[in-house]
Amino acid sequence: MENCLFCKIIAGDIPSTKVYEDDDVYAFRDIAPQAPTHVLVIPKRHVASVAACGELSDAAIAACLRACGKVAEAEGLTVKGFRVVSNCGDDACQSVHHLHFHVLGGRKMGEQMA
Ligand code: AMP
């Protein structure tokens, strides 16, 4: 989608540090990491958020979640654990309106999720 930051990253028009890619998914390091490992997993097809997941195929949604697990495994997070977060809308402070899953790990997370 025009004027979408993450669509531009997928297209290679804005640089990113890729950690994983397949037919449906692109994953790259967050530019402002909030944990020792902070990777963003995004569908290549533009949808705004989890609330718009109905616009994605079941296979594409599954690919995103599978990719979160693959990234966590590749980053060495599966032994001690990790967190997957997807902010959706203003109350959740979503700042980029292209569905994305934050994969966070490498330290003990806070017990509060919000
Ligand atoms: P959210 O606030 O949940 O919408 O998350 C958006 C995330 O995108 C934030 O964690 C930002 O740090 C991250 N971000 C913004 N611009 C870039 C960029 N050019 N490359 C990588 N991550 C980015």
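A residue is called exposed when its relative accessible area is over 50%, buried when that area is under 20%, and partly exposed in between. In this predicted model, Asn3 has a relative accessibility of 65% and therefore counts as exposed. Asn3 belongs to the segment before helix α1, which covers residues 5-11, and its phi angle is near 65°, a positive value in a residue other than glycine. Cys93 also has a phi near 65°, again positive although the residue is not glycine; Cys93 sits in the loop between β4 (82-85) and β5 (101-105), and with a relative accessibility of 62% it counts as exposed.

From these exposed positions we can turn to the sheet. Five strands make up an open sheet with antiparallel pairing, and their order across it is β1-β2-β3-β5-β4. Strands β1 (18-21) and β4 stand at the edges with a single partner strand each, so that one side of each is left without a neighbour in the sheet. From one strand to the next, the twist averages 20°. Within this arrangement, β2 (residues 25-29) pairs with β3 in the antiparallel sense over 5 bridges, and Val25 has Pro43 of β3 as its bridge partner. Helix α2, made of residues 58-74, packs on the sheet and touches β1, β2, β3, β4 and β5, while its direction makes about 155° with that of β3.

Strand β3, which spans residues 37-43, includes Thr37, and this residue is buried, with a relative accessible area of 10%. Once its neighbours within four places in sequence are left aside, Thr37 is in contact with Glu75, Leu77, Val103, Leu104 and Gly105. Thr37 and His102 are 65 residues apart in sequence, yet the distance between their C-alpha atoms is 9.8 Å.

What lies in the nonpolar interior? The largest nonpolar core has 20 residues, of which Val25, Val41, Val71 and Val103 touch the most other members. At least two residues of this core come from each of β2, β3, α2 and β5, and α2 gives the most, with 7 residues. Val71, leaving aside its neighbours within four places in sequence, is in contact with Val19, Tyr20, Ala27, Val39, Val41 and Val103. A second, separate core of 9 residues includes Phe6, Cys7, Ile9 and Leu40.

Charged side chains provide a further set of links, for the structure holds 3 salt bridges. Glu21 forms one of them with Lys18, the closest N and O atoms being 2.9 Å apart, and another with Lys44, where the closest N and O atoms are also 2.9 Å apart. Because Glu21 lies in strand β1 and Lys44 in the loop between β3 and α2, this pair ties together parts that are 23 residues apart in sequence. Lys18, Glu21 and Lys44 are thus linked in a network of salt bridges. Each of these residues is partly exposed: Glu21 has a relative accessible area of 36%, Lys18 has a relative accessibility of 48%, and Lys44 has one of 27%.

In the remaining salt bridge, the side chains of Arg29 and Glu75 meet at 2.9 Å, N to O. This pair links distant parts of the chain, with Arg29 in strand β2 and Glu75 in the loop between α2 and β4, 46 residues apart. Arg29 is partly exposed, with a relative accessible area of 34%, and Glu75, at 24% relative accessibility, counts as partly exposed as well.

Terms used
Residues are numbered from 1 along each chain as its sequence is written. This is a predicted model: local features need pLDDT of at least 70, side-chain atom pairs count only at pLDDT 80 or more; totals for chains, interfaces and linings use all residues. Side-chain values use heavy atoms; hydrogens and water are left out. Helices (H or I, at least four residues) and strands (E, at least two) are DSSP runs, numbered from the N terminus. Buried means under 20% relative accessible area, exposed over 50%, partly exposed in between (1.4 Å probe, protein chains only). Contact means heavy atoms within 4.5 Å. Two strands pair if DSSP finds at least two bridges between them. Axes are lines fitted to C-alpha atoms, for helices over the stretch in contact, and angles run from 0 to 180 degrees between N-to-C directions. A nonpolar core is a set of buried Ala, Val, Leu, Ile, Met, Phe, Trp, Tyr and Cys residues joined through side-chain atoms within 4.5 Å. A salt bridge is a side-chain nitrogen of Lys or Arg within 4 Å of a carboxyl oxygen of Asp or Glu.
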